[in-house]
Amino acid sequence: MRRTLLPGGLAAIAVAAPAVTPYPVVRPGMALAFPADHGAHPAFRTEWWYVTGWLRTEAGEDLGFQVTFFRTRPSLDGRNPSRFAATQVLFAHAALSDPSTRRLRHGERAAREGFGLAAARTGDADIRIRDWRLRRAPDGHWATRVAASDFTLALDFQPTQPPLPQGAGGYSRKGPRPEQASYYYSVPHLRVSGQVRRDGRDVAVTGEAWLDREWSSDYLAPEAQGWDWTGLNFDDGSALMAFRIRRKGGGTLWAGGSLRHPSGTISTLGSRDVAFRPLATWRSSATGAVYPVSQEVSVRVDGRIMRWRLTPMFAAQELDARRSGLPVYWEGAVRTTGGRGYLELTGYDQALRM
Amino acid sequence: MSAEPGLLSARLALGWLIGGEWRFQPARFLTTAIAIAVGVALGFAVHLVNGSALASFDGAVRGVSGAAELSVRATSPLGVDERLYPRVAGAAGVLDASPMVRLDARIGGAKLTLLGLDVLRAGSVTPSLVGITPRGPDTGNDTVFDEASLFLSRTALAQAHAAVGDRVTVTANGRAVIFHVAGTLPGADAAAALGVVDIAAAQWRFGRLGRIDRIDLRLSDRQAAEASLARLLPADAVLSSEAARGAQGSALSRAYRVNLDMLALVALLTGGFLVYSAQSLAVARRQRTFALLRTLGLSRSGVISAVMVEGVTIGIVGALAGLAGGYGLAWAALHWFGGDLGAGYFGMATTRVVFQPVAAASFFALGLSAAVLGSAIPARAAARAAPAAALKNVGDVLDPRRPALWWPAAVLLAAGAAAALLPAVSGLPLFGFLGMALMLAGGVAGVPWFARTMLRPLAKRTVGSVPSQLAVRHLYGAPAEAATALCGIVASTALMIAMATMVSSFRGAVDTWLGQVLGADLYLRTDAGASFDPATRARLAGTAGVGHLAFSRQLPLTIAADRPPVSLIARPERDGRDPLLVLIERAPTMPTKALPVWVSEPAQRLYGWEPGETITLPLAGGTRFMVAGVWRDYGRQAGAVLVDEADYQRLTGDDGRDEISVMLLPGNEAGAVGKAMAVQLPADLRRHVEITQPATLRHMALTLFDRSFAVTYLLEAVAILVGLAGVAATMSAQTIAREREFGMLRHLGLTRGQLSAMLATEGALVGMTGAVAGIGLGLILAQVLIHVINPQSFNWTMTTQVPVGTLLGVAAALTGAAAATAVLAGRRATAKDAVQSVREDW
């Protein structure tokens, strides 16, 4: 599942005037089709391309990174002929977790689509906001280049496994009502190579990443507070995605996930098959939010409980992008027995609305 | 101190001398100190007001511009093609670019600047222009891209009497659109009346599709950005920095401000002359005392320092009082008249007095030096007098048989005239003011010569009454005394007459010009960017009683980023030249293919556009026009260019018109036709159209003119009062000093009535001489004001119109005041017994 993180204001547009824009409803039974589904689905309200992963420098240093592009379709009067009409708005985040400094470097871009400055292509993945870009080449590999004020990522992602459809063949329920859902697939075990520039110095990196692709028109139930999500690449080639949507006031509103075994068979996890148990918390001095940065994830596969302890690379991986109108959340590189991945914690500062 | 005992006692005597003078002549000290105080106060007040007004004006400009480092701005409200935006955003050195639509708008009666912007871009480039919604449990409806949301600055919110959550109707570009006040602009300048909506909404709702007005920039490399943008910008856009915008804002009012500063300095100069008069008289009166001290061992420098100490004291007291008074004046002026002192330069800004320590120190120094310089010359004169002769002689030190020198005056006047002919320095007539100062000094220096030349024929006459003959002989025989009394009068009169002549010439020229340009019977004009569309225009033309309608469009057009925009006027001009256009120069022949443009006189002078020249105007991406003529215009100081309506429409596609001049059919009454035309207007336009008759417009224009010269009138009045006070002070001091002479005359058989008549004649003669000299000098100075200072400051010319009434009044007032004070002072001097008066002699 995934994520997120649209500016509070943006999300509210749809809440304020859902009647104006006829958003398509996410329904079960749709078959994913590639490469078209790598590209944008502009009719839906929100969509994202979300890459997270672990990098290793030539010197053997571990780094975590995320590169995310969001697309949203605000609810507007569609008759406005202006070229500036905000029919599609694109956002992007990038962050680099650096254990040597134990802090997160991050940057962002945002623009309304148009004028050749920002665009999300349909038919195949190619999303661009000014100088930031994420695209899929015809040979199937993905590439991104993002430059923030204090770091630059230029990374190639080579798929080693086929896409992993989440939920029922790509239909992923998020809440008690069937339309509270998204179309969702992941590409685990992407082989990474490229360059990271920090403080003016380039280093070559290799690593392993995870791509999440999700689009929806009605993502969060009104009674939802936020979610915990994790995507883990295991050394044996298996991959786990698990999420839970937390209810306002406490408790779990919905949960789900999938485990792809080394053999390639997929165990789909229902709402009762996934549990998250906080092990350690970290309080952000910047926002005051308290995050369960270390958790035990339990899943039930074929009646058998499997557990993984997630340990963060370091605790301070909160991303505070409120200055640019985006929410506060925690997105961090985590380790577990026999694998590594990312943990995402949202709605700990205040409830998300999507 | 190792001084000789003699010298020490001389110093003691000096202390007594000054102390005694203070005790027995406090009025003399006070009046001279007041003369300095008035000069300092005026100068400081004018400077403070200007500085404060400019500061708040700057603030308002910054508030609307959101403090972007560099902006691309359209040269006219027609905007620039929006496809420029991606090219600018992609230019080298540009980090981010925020496109913007800018409109003059109103909500009800409140005016505001409406910006249409992309919140994502502005959030990165000019965050102060981005609104947020107050956070609260019930405000889940904030919408940054919502096309009905409006964010208002606090000032705009207050002026529109609106609150967050209200629905308000915003009128701009002739359209009225309902918005929902979604929040405030907490980062915006508190004083700026500002509204922010989405750029797409602004384009769509206010008829600006495809156009933007401004692109604010965030830069990574300013030099690279300036170079790359200079290459890619079209002619109808300019690159503008904050400094250029500040210059643009202050350029219009700069000449006005400098002129006021100069006038205030001139008041200070007059104060200096008054100090000189008063000190000269005091020195003359105490000549015997000084001589006595000299014989007791006081050195020459001791005498000089005695007089100088007095001057410094007067200077310090006067300058300090002046600073306090100036601050008070500035406060009062801002409180009651506003920052532009009524001249209309700083329309919207509300102003507080900003204390300026450097200016205070400068004006203190100026006041002090005026007093010190005014004392220095008399001090030298006192020190030069030979003690023995001075002890015996209390009379005039100037030998009446020696002719008064005329050449120093002539040299100064010639130097002044030469300086006045020099060109302006960066748009300011500094040499003009220098020329005026030199000519003033020359005029004052020539007063002794002038007085003697004028009195010579009278003095040679042997007919007439005894008192009048005595009066004439006295003045002729003691020219230095008369000259000292006169120089203060001449200086203040000359300046006053110069100002009065300039203002009356200017007002006369404006009046005549208004009569010429307001030739139509009725005028209709729109506000808030409303315009008459073609359908409305057709309906208006068909109104009963209407003979002919001329439609015009007026827009600001930026030629250079750091200069205020000129006015672009489009009206039917090509066939059948408009009789209302008063051409002062025209191109000899025009090629038929050339597009004609008529430039106003200020535009010609500012941009050097001469008839017959081909110029490029930033219109429709840059168009070449040929200057067909130059027209007189006192209305638009920043310049104006006039193009034919058809050419304008063809070039820009803009079919809106915002002004109509109406010629009526014979036998129709303007008021009735105006009402009939109003009925023809669409209801929503009617509120934004003002229908006026030429007489009203003319009255309004002249009221505005008088208001902008209100400060000038005030300074003039102060100059007159200071001058008259000077006359009174010098006349009475001189008269009182002549007590023994009066006793002698009484011995010789003159009655007190005859003495009074003598003094009245003397006073009148002095006053008249001063008035004639002052008026003559003033008329010369007026020529500098009219032909040098005005054209160089405001870029318009005019012909001289002498305010004869004012001249006669001033002459009469001076003569009368001098005579009256002489008689009044004479009463005191002649009141004593004649025998006693004479016995004072020894």
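What share of the contacts in chain A with a separation of 6 or more comes from residues 24 or more positions apart? In this predicted model, such residues account for 60% of those contacts in chain A. That figure is a good place to begin a walk through the two chains.

**Chain A as a whole**

Chain A is built from one helix and 23 strands. Its radius of gyration is 19 Å, close to the 20 Å that the globule rule gives for 354 residues, so chain A is as compact as a globular protein of that length. If you lay the C-alpha trace of chain A along its principal axes, the spans come to about 55 × 50 × 45 Å. As for burial, 53% of the 354 residues of chain A count as buried.

**A cis proline and a buried arginine**

A pleasant detail to look up in chain A is the peptide bond from A:F34 to A:P35, which is cis, with omega near 10 degrees. You will find A:P35 in the loop that runs between α1 (8-16) and β1 (46-57) of chain A.

From A:P35 you can step straight to A:R136, since A:P35 is among the residues that A:R136 touches. A:R136 belongs to strand β7 (residues 132-136) of chain A. Is A:R136 buried or exposed? A residue needs 20 or more other C-beta atoms within 10 Å to count as buried, and A:R136 is buried because it has 22 of them. Leaving aside residues up to four places away in sequence, A:R136 touches A:H38, A:D124, A:A125 and A:W142 as well as A:P35. A:R136 also makes a nice example of how the fold brings distant positions together: A:R136 and A:G39 are 97 residues apart along the chain, yet their C-alpha atoms are separated by 8.9 Å.

**Two loop residues with positive phi**

Two residues of chain A other than glycine invite a look at their backbones. Phi of A:R102 is near 50 degrees, a positive value, and phi of A:D302 is also positive, near 50 degrees. A:R102 sits in the loop between β3 (89-98) and β4 (103-112) of chain A, while A:D302 sits in the loop between β19 (290-301) and β20 (304-312) of chain A. The cut-off for an exposed residue is 12 or fewer C-beta neighbours within 10 Å. A:R102 has 12 such neighbours, so A:R102 counts as exposed. A:D302 has 6, so A:D302 counts as exposed too.

**Chain B as a whole**

Turning to chain B, the secondary structure comes to 28 helices and 21 strands. Of the 842 residues of chain B, 49% count as buried. Among contacts in chain B between residues at least 6 apart in sequence, 86% join residues at least 24 apart.

**Two helix pairs in chain B**

The table sets out the packing of two helix pairs of chain B.

| Helix pair | Angle | Distance between axes | Crossing |
|---|---|---|---|
| α10 (residues 300-336) and α11 (residues 357-384) of chain B | about 155 degrees | 7 Å | right-handed |
| α13 (residues 407-420) and α14 (residues 430-445) of chain B | about 165 degrees | 7 Å | left-handed |

With helices α10 and α11 of chain B packing at an angle of about 155 degrees, α10(B) is therefore roughly antiparallel to α11(B). By class, the contact of α10(B) with α11(B) has 20 nonpolar, seven polar and three charged residues.

For the second pair, the angle is about 165 degrees, and α13(B) and α14(B) are therefore roughly antiparallel to each other. The α13(B) side of the contact includes B:P408, B:L412, B:L413 and B:G416, and the α14(B) side includes B:F431, B:L434, B:M436 and B:M439. By class, the contact of α13(B) with α14(B) has 15 nonpolar, five polar and no charged residues.

One more residue of α13 of chain B deserves a visit: B:A418 lies in that helix. Because 12 other C-beta atoms lie within 10 Å, B:A418 is exposed. B:A418 and B:A638 are 220 residues apart in sequence, and their C-alpha atoms are 28 Å apart in space.

Note on methods:
Residues are numbered from 1 along each chain as its sequence is written. Chains are lettered from A and ligands numbered from 1 in the order in which they are written. This is a predicted model: local features need pLDDT of at least 70, side-chain atom pairs count only at pLDDT 80 or more; totals for chains, interfaces and linings use all residues. Axes are lines fitted to C-alpha atoms, for helices over the stretch in contact, and angles run from 0 to 180 degrees between N-to-C directions. Helices (H or I, at least four residues) and strands (E, at least two) are DSSP runs, numbered from the N terminus. Angles under 35 degrees count as roughly parallel, over 145 as roughly antiparallel, 65 to 115 as roughly perpendicular and the rest as oblique. A crossing is left-handed if the near helix is turned anticlockwise from the far one by less than a right angle, and right-handed if clockwise. Ala, Val, Leu, Ile, Met, Phe, Trp, Tyr, Cys and Pro count as nonpolar, Asp, Glu, Lys and Arg as charged, and the others, Gly among them, as polar. The radius of gyration is taken over C-alpha atoms; the globule rule is 2.2 Å times the number of residues to the power 0.38. Two residues are in contact if their C-beta atoms, placed from the backbone, lie within 7 Å.
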